[in-house]
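Here is a short report on one protein model. Keep the structure open while reading.

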Amino acid sequence: MRKFPLPQAVLLGLVAAVLVAATWPLWKGLRASREGGEPQAPEPAPGPLAGLVIVVDPGHGGWDPGAVVAGVKEKDLTLQVAHVLKEILEARGARVVLTRTDDTHYSRTVREDLRQRVALVGEHQADLFLSLHANQDRCHCWGAQTFYQKGGSAEGKALAISIQNRLRERTDTTRYALPGDYFVLRTTEVPAVIVEMGFLSNAAERGRMQQPEYQRTIAEAIADGVVDYREYISRHPGTAPENPADPGEASPRS
Ligand SMILES: [Zn+2]
């Protein structure tokens, strides 16, 4: 029988073809990764607040307790609600930066302390600033209330009214969002509000504000308000809604 030895080049070619065929999945992967370029950043969490960066500021802290009534400190309540609010906002897709995560302060002077909290907005290129507080007064007052900067942006007012509407829906407050002149609102370059979560001077409200369930209700109302705000501003950029019509004198409670 006559032999027909294959030329060396053809033999080498065959070996190469077999090798390529055997390792094809690897080649495909290499090509895909070249086409993909740099590794992709993780997908933003889905949800109505995806893409938003929000600075949440638990008011006071460290040497500054804020209002103190019957041993209950404003700085503790604001921190507790801030942690819950962070969790809820993140579940809806936002990235949240807390100005403090424990019982600390930035400075011994109030002004410098506030200045450093506001500076986090620029550092993190945040879109919104939410500052949490609790009220104290000699009146028999109660009810959560949101403030925006007097003479400030329409967006700030829209944010405050959106949050206040949800607080009115979810809690017993009959208050409206109001303009005020506050350092953290005046000096923040993005829409900013102060949420006074209730009156520590009101015994019943002081009791509620210490309950985790009520703290979550407040936080959910604020988060719902932020979602409403985003939707409103996307449809009506540069404008703000008005407070709902006053239904009349609220019956006083204490
Ligand atoms: Zn305060």
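## Zinc site

Three protein donors hold positions around the zinc ion: His-60 through NE2, Glu-74 through OE and His-133 through ND1, lying 2.0 to 2.1 Å from the metal. The model is predicted. Along the sequence, the donor residues follow the spacing H-x13-E-x58-H. His-60 sits in the loop between β1 (53-58) and β2 (68-69), while His-133 belongs to strand β5 (residues 128-135), so the pair ties together parts that are 73 residues apart in sequence.

Are these two histidines buried or exposed? The cut-off for buried is under 20% relative accessible area. His-60 has a relative accessible area of 18%, so His-60 is buried. His-133 has 14%, so His-133 is buried as well.

## Helix α3 against helix α8

Helix α3 covers residues 74-91, and helix α8 covers residues 212-235. The two pack at an angle of about 50°, with their axes 9 Å apart. That angle makes α3 oblique to α8. The crossing of α3 past α8 is right-handed.

Which residues meet here? From α3 come Leu-77, Gln-80, Val-81, Val-84, Leu-85, Glu-87, Ile-88 and Leu-89. From α8 come Gln-215, Arg-216, Ile-218, Ala-219, Glu-220, Ile-222 and Ala-223. By class, this contact of α3 with α8 has 10 nonpolar, two polar and three charged residues.

## Thr-99, a buried loop residue

Thr-99 lies in the loop between β4 (95-98) and α4 (110-123). Its relative accessible area is 3%, so Thr-99 counts as buried.

What does Thr-99 contact, leaving aside neighbours within four places in sequence? One group of partners is Val-55, Val-56, Asp-57 and Pro-58. The others are Tyr-106, Arg-117, Leu-120 and Phe-129. Among these partners, Val-55 falls within β1 (53-58), and Phe-129 falls within β5 (residues 128-135).

## Lys-150, an exposed loop residue

Lys-150 also lies in a loop, between β6 (145-149) and α5 (154-170). Here the relative accessibility is 59%, so Lys-150 counts as exposed.

Lys-150 still has partners further along the chain. Leaving aside neighbours within four places in sequence, Lys-150 is in contact with Pro-179 and Gly-180. The C-alpha atoms of Lys-150 and Asp-181 are separated by 5.7 Å, although the two residues are 31 residues apart along the chain.

Terms used:
Residues are numbered from 1 along each chain as its sequence is written. This is a predicted model: local features need pLDDT of at least 70, side-chain atom pairs count only at pLDDT 80 or more; totals for chains, interfaces and linings use all residues. Side-chain values use heavy atoms; hydrogens and water are left out. Donors are N, O and S atoms within 2.8 Å of the metal (3.2 Å for Na, K and Ca); water is not among the atoms, so sites may look incomplete. Helices (H or I, at least four residues) and strands (E, at least two) are DSSP runs, numbered from the N terminus. Buried means under 20% relative accessible area, exposed over 50%, partly exposed in between (1.4 Å probe, protein chains only). Contact means heavy atoms within 4.5 Å. Axes are lines fitted to C-alpha atoms, for helices over the stretch in contact, and angles run from 0 to 180 degrees between N-to-C directions. Angles under 35 degrees count as roughly parallel, over 145 as roughly antiparallel, 65 to 115 as roughly perpendicular and the rest as oblique. A crossing is left-handed if the near helix is turned anticlockwise from the far one by less than a right angle, and right-handed if clockwise. Ala, Val, Leu, Ile, Met, Phe, Trp, Tyr, Cys and Pro count as nonpolar, Asp, Glu, Lys and Arg as charged, and the others, Gly among them, as polar.
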